[in-house]
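Here's a walk through a protein model and the two ligands that come with it. Have the viewer open while you read.

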Amino acid sequence: MKRLIFIPYDQLSLNSGIMREADSTTDEIVMIESRDMLSSRTWQAARLHLLMSAAEHHAVFLEDQGFTVHRLTEQSVNAGLTEIHAARPEATLWATAPRSRPLHDALTSIGVNLVPDDSFLTARSEFDAWSTTRLPVIETFYRQQRARLNLLMDGDKPLSGRWNFDADNRLPPPKSDHQWPEPLHHAMDDIDHQTWQRIVDLQLPIIGTPPDGTWATTRTGALRQLDHFLDTGLAGFGAYEDAVPANSWSVNHSLLSPYLNLGLLDPGEVVTAAISRFEASDDEIPLSSIEAFIRQIIGWREFVNGTYWAMGPTYVDSNALNAYEPLPLAFDDPTTTSMNCIKKTVEDVQHRGWLHHIPRLMILANLALTVGVHPRALLGWMRRMFVDAADWVMEPNVIGMGTHADGGVMMTKPYASGGAYINRMTSYCSDCPFNPKKRTGEDACPFTTLYWDFLERNSEQLRRNPRVAAQVSSARKLADGEQVRERANEVRARLRAGTL
Ligand SMILES: Cc1cc2nc3c(=O)[nH]c(=O)nc-3n(C[C@H](O)[C@H](O)[C@H](O)COP(=O)(O)OP(=O)(O)OC[C@H]3O[C@@H](n4cnc5c(N)ncnc54)[C@H](O)[C@@H]3O)c2cc1C
Ligand code: SF4
């Protein structure tokens, strides 16, 4: 009996799940463009283009491999699958278990046979042992991963005796001239151009600049990006992983998240390639950099995926800090603020749909957290703006890490900071009308005001947290507490109105 294999847009791999043993003589492929999905939101231009063009390239690639590929445009995925199945009742419907819950539920509701998703390095069953109210601390999880996968190990000890090089890494942007790695340009091909023309012709709701070759749309391009990162970025990765300089948007980051999340790259091959390059590098790549990079892939990425599945469908509705403010207007229109860090960061997202983790966490999510923005408002915005967005990765990062909306289940502290941190790690404050050292007054940095106000407002929830108890106690004793509260209320109102 023939199998019809459905491939969603984020499982473009031949090496995992059902495609590992697919056979072009007995299996046919189904790929569906869902009108519901396309019209569900205003898309960041590069993100929508990447999704559609990568899927189109993958369909052509599968045809070159001898597969028959049915490319359908339907109202929804299930409408498409039901229709094609009705026309081919002798065939059975199959897919790799989807990476995110809504599609998983949709496919099971119409009886699609699912093969486990083995594209992560950690089976979902390994997370089943954890209680949903007590996940492991990320550092513990990461060390277990290092030992289990036997990476950078010397027997049962970490190579060189240290698990963690954070104290040596995370430098601010250098004051002197510094040569940052040049990002790789991915020349757009015919399919890329045609896809963009289709987006324009369909008048899909988009925001941001048209695609310009920042993102590859094929596995070949993704592999080139991996090589480029290993050649130019990896050596300085650790040192500058948290730096936000004015003269480089990509710093030493790998820019691999979209390809990993679409299935164009496999995390195992990325880790293997990085470790081989480190071993062959004759100390040019420091251990502190390879360790920091490996931590992201086998630690953070796997931890986030495990958290998504372990926490269940109601996790996304968490709102432990009772945050109900709307998103500041500046997130959609950066011209409405003179906060230089927010203006530049939002412009960057609009341009290429990507930021490294510090602008995501310590600028955008930090503002949302300290203002008290509803977690789902931030989640919805990030989901439509980021080129690497997917439910499984976005929900824990926003609900657990960015907004502390889960009350500390995923992370042990809220990632709130005042202007001092942003002043140290970025180059934005010197061109800003606000003063990062001030928390009251017309020129007080909104981050600094909001930080103290946040600690005081949430002191009942946070005062027993050993990681922030001292700061909470200081916030409660501020001599200018009343003025901080007043200024914070004014900041919130002006962010809402787009006049700050
Ligand atoms: C509020 C917030 C939202 C985020 N949303 C997303 C998202 O939608 N999609 C996404 O892939 N990442 C997300 N991240 C994680 C991280 O910011 C990006 O993975 C990273 O910036 C991608 O750039 P890169 O590939 O150059 O990463 P590098 O810095 O080069 O890191 C290498 C890889 O590690 C993985 N990684 C590192 N940190 C994380 C993390 N916290 N969660 C998952 N994977 C991680 C990514 O696959 C990344 O490609 C978010 C982080 C925060 C704080
Ligand atoms: S002073 Fe405050 S608002 Fe201005 S750039 Fe610095 S942190 Fe951002």
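Let's start at ligand 2, where helix H16 is the top contributor to the surrounding shell, with three residues. Helices here, like strands, are DSSP runs numbered from the N terminus (H or I over at least four residues for a helix, E over at least two for a strand). Before going further, note that this is a predicted model, in which local features need pLDDT of at least 70, side-chain atom pairs count only at pLDDT 80 or more, and totals for chains, interfaces and linings use all residues. Residues are numbered from 1 along each chain as its sequence is written, while chains are lettered from A and ligands numbered from 1 in the order in which they are written.

**The two ligand shells**

The shell of ligand 2 holds 14 residues, and the closest are Cys341, Ile422, Cys429, Cys432 and Cys445. A residue gets into a shell if its C-beta atom, placed from the backbone, lies within 6 Å of the molecule. Two or more shell residues come from each of helix H12 (340-352), helix H16 (419-425) and helix H17 (446-457).

Ligand 1 has 27 residues around it, with His253, Ser254, Ser257, Gln296 and His357 as the closest. Helix H9 (257-262), helix H11 (287-311), helix H13 (357-371) and helix H15 (391-402) supply at least two residues each to this shell, and H15 gives the most, namely six.

Here's how the two shells break down by class. Ala, Val, Leu, Ile, Met, Phe, Trp, Tyr, Cys and Pro count as nonpolar, Asp, Glu, Lys and Arg as charged, and the others, Gly among them, as polar.

| Shell | Nonpolar | Polar | Charged |
|---|---|---|---|
| Ligand 1 | 15 residues | nine residues | three residues |
| Ligand 2 | 11 residues | three residues | no residues |

Where does ligand 1 lie relative to domain 2 and domain 3? Both domains give residues to the shell around ligand 1, so ligand 1 lies between them.

**Domains and overall build**

The domain assignment splits the protein into domain 1 (3-115), domain 2 (125-181 + 233-311) and domain 3 (316-497); bounds like these come from an automatic or database domain assignment. Taken over C-alpha atoms, the centres of domain 1 and domain 2 are 31 Å apart. Across that boundary, eight residues of domain 1 are in contact with six of domain 2, where contact means that the C-beta atoms, placed from the backbone, lie within 7 Å. The side of domain 1 that touches domain 2 has three nonpolar, four polar and one charged residues.

In total the protein has 20 helices and nine strands. Its radius of gyration is 23 Å, which agrees with the value near 23 Å for a compact globule of 500 residues. That radius is taken over C-alpha atoms, and the globule rule is 2.2 Å times the number of residues to the power 0.38. Along the principal axes, the C-alpha atoms fill a box of roughly 75 × 55 × 45 Å. If you look at contacts between residues at least 6 apart in sequence, 74% of them join residues at least 24 apart.

Of the 500 residues, 46% count as buried. Buried means that 20 or more other C-beta atoms lie within 10 Å of the residue's own, exposed means 12 or fewer, and partly exposed is in between, again with C-beta atoms placed from the backbone.

**Strands at the start of the chain**

Strand S1 (residues 3-6) pairs in the parallel sense with strand S2 (residues 27-34) over four bridges; pairing requires that DSSP finds at least two bridges between the strands. In that pairing, Leu4 stands opposite Glu28. S1 also pairs with strand S5 (residues 92-96), in the parallel sense and over four bridges, and here Ile5 has Trp94 as its bridge partner.

**A few residues to click on**

Is Pro446 in helix H17 buried or exposed? Pro446 counts as buried because it has 28 C-beta neighbours inside 10 Å. Leaving out residues up to four places away in sequence, Pro446 touches Met339, Phe434, Val491 and Leu500. Leu500 is 54 residues away from Pro446 in sequence, yet their C-alpha atoms are 8.9 Å apart.

Then there's the loop between helix H6 (138-149) and strand S7 (153-154), home to Asn150. Phi of Asn150 is near 55°, a positive value in a residue other than glycine, and Asn150 is exposed, with 9 other C-beta atoms within 10 Å. Leu152 is in the loop between H6 and S7 too, and has a positive phi of about 50° without being a glycine. With 19 other C-beta atoms within 10 Å, Leu152 is partly exposed.

Definitions and conventions. Two residues are in contact if their C-beta atoms, placed from the backbone, lie within 7 Å.
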